[in-house]
Amino acid sequence: MKEYASLMLTRNDELDNYVNDNYKIVSTALGAKSPNFSTKIKYLLSKNGIDSENDMYFVESVIKLRNAIAHGRFLFQPIFRWPLTPFFNISQNVSEFDVLRSLVKRLIGNFFEISTWNSDYTEVSKALLKPPIKTIQKFMKEPETFKQVTFDTLESSIGNETGITWANIYLSYIENPKKLNLDDLANSLKRYFFNLKKTEDNIDDIFVTSVIFMECSNDEVVAECYRKIEWLLNNTHFHDSSLINIMPELDFHHIQYPRYKKFIEMRRNIDGEF
């Protein structure tokens with residue numbers, strides 16, 4: 001800065017004043033200040049071989065919650081669900097604790113160049129790491145570009161490297177209903193949903209997807225949702241009492257489900273209280 005000012009024939013006190021006035025502006029523009037907390041964490045992980053898009057998305061989500069707690073924005077919840085949310089909550093989903101534990105073990109292992117926890121993290125991340133919303137949006141528009149995602153690998157019990165599974169689509173939707181339009185979601189995934197295998201392994205996928213898709217405006221998809229839930233009730237260990245277990249989670253995320261409520265009321269009228 002002094003050398004540049006000297007070229008403009010700035011001298012003595014004027015030189016010092018020029019440097020003082022402009023140093024902060026230039027250093028900020030060049031990113032000379034210490035990086036923020038999120039950047040430091042992501043840098044630490046990437047330097048130790050943990051740098052996938054899903055890894056970074058998970059870290060960003062957890063840090064966002066941590067910052068909300070630090071600034072007093074994420075303490076009180078008007079709706080409770082089981083298991084009860086801790087007062088100082090660092091997760092919106094119980095499964096995120098499992099990911100966090102595995103992530104830390106993988107980081108320690110990579111730092112000391114041991115592979116003890118590699119397979120554990122691969123298994124956990126493949127099953128539980130949600131993809132960024134933009135990845136799901138891209139899949140909805142251009143499914144043919146996602147070679148890893150097939151009718152089979154969409155099933156949560158199988159999974160794929162992208163993290164796009166029925167369970168993660170459900171969680172991503174209820175947590176971000178404004179970013180994932182339900183009608184767009186149901187219409188783009190219609191052929192996958194119709195071909196979702198009816199097996200014991202897929203009970204959860206069939207149920208949660210049917211519940212949210214039941215509220216879309218595509219009559220064909222809605223009818224299939226009813227058929228799939230009726231199949232669950234008639235052909236698996238899924239019982240009427242299980243129908244209400246999803247409601248606290250939907251209420252917690254302020255998801256509206258009028259058709260599903262009506263369906264439950266009809267079951268009660270037919271079979272009595274459950």
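These legends accompany several close-up views of one predicted model.

**Figure 1. The whole chain is built from helices, with no strands.** A good place to get your bearings is the overall fold of the protein chain, which holds 14 helices and zero strands. Following the sequence, you simply pass from one α element to the next, in the pattern α-α-α-α-α-α-α-α-α-α-α-α-α-α. Of the 274 residues, 42% count as buried. Among contacts between residues at least 6 apart in sequence, 62% bring together residues at least 24 apart.

**Figure 2. A close-up of the second largest pocket, with a volume of about 570 Å³.** Of the 19 residues that line this pocket, Tyr-170, Asp-204, Phe-207, Val-208 and Glu-249 are the closest to its centre. Two helices, α8 (166-175) and α11 (203-213), each supply at least two lining residues. The largest share, five residues, belongs to α11. By character, the lining divides into nine nonpolar, five polar and five charged residues.

**Figure 3. Aromatic rings gather into a cluster that includes Phe-207.** You may recognise Phe-207 from the previous view, where it is one of the residues closest to the centre of the second largest pocket. Here, ring pairs link Phe-207 with Tyr-226, Phe-238, Tyr-257, Tyr-260 and Phe-263. In total, the structure holds 14 aromatic pairs.

**Figure 4. Two neighbouring phenylalanines, Phe-111 and Phe-112, meet edge-to-face.** Their ring centres are 5.1 Å apart, and the planes stand at 90° to each other. Both Phe-111 and Phe-112 are exposed. Look a little further along the chain for Glu-113, in the loop between α5 (95-111) and α6 (118-128). The phi angle of Glu-113 is near 60°, a positive value in a residue other than glycine. Glu-113 is exposed too, with a relative accessible area of 73%.

**Figure 5. Positive phi appears again at His-254.** His-254 sits in the loop between α13 (247-252) and α14 (258-271). Its phi is near 60°, and His-254 is a residue other than glycine. Is His-254 buried or exposed? With 56% relative accessibility, His-254 counts as exposed, because the cut-off for that class is over 50%.

**Figure 6. Charged side chains sit over the rings of Tyr-192 and Phe-193.** At Tyr-192, the partner is Arg-191, whose charged end is 4.5 Å from the ring centre. At Phe-193, the partner is Lys-228, which lies over the face of the ring at 4.7 Å from its centre.

Conventions: Residues are numbered from 1 along each chain as its sequence is written. This is a predicted model: local features need pLDDT of at least 70, side-chain atom pairs count only at pLDDT 80 or more; totals for chains, interfaces and linings use all residues. Side-chain values use heavy atoms; hydrogens and water are left out. On a 1 Å grid over the protein atoms alone, a cavity is a set of points where a 1.4 Å probe fits but cannot get out, and a pocket is an open set with protein on both sides within 12 Å along at least five of seven lines; lining residues have an atom within 4 Å of a point. Grid points are joined across faces, edges and corners, and a volume is the space filled by probe spheres set on the points. Helices (H or I, at least four residues) and strands (E, at least two) are DSSP runs, numbered from the N terminus. Ala, Val, Leu, Ile, Met, Phe, Trp, Tyr, Cys and Pro count as nonpolar, Asp, Glu, Lys and Arg as charged, and the others, Gly among them, as polar. Rings of Phe, Tyr and Trp (its six-membered ring) pair if their centres lie within 6.5 Å; planes under 30 degrees apart count as stacked, over 60 as edge-to-face and the rest as tilted. Buried means under 20% relative accessible area, exposed over 50%, partly exposed in between (1.4 Å probe, protein chains only). A charge sits over a ring if NZ of Lys or CZ of Arg is within 6 Å of the ring centre and within 35 degrees of the ring normal. Contact means heavy atoms within 4.5 Å.
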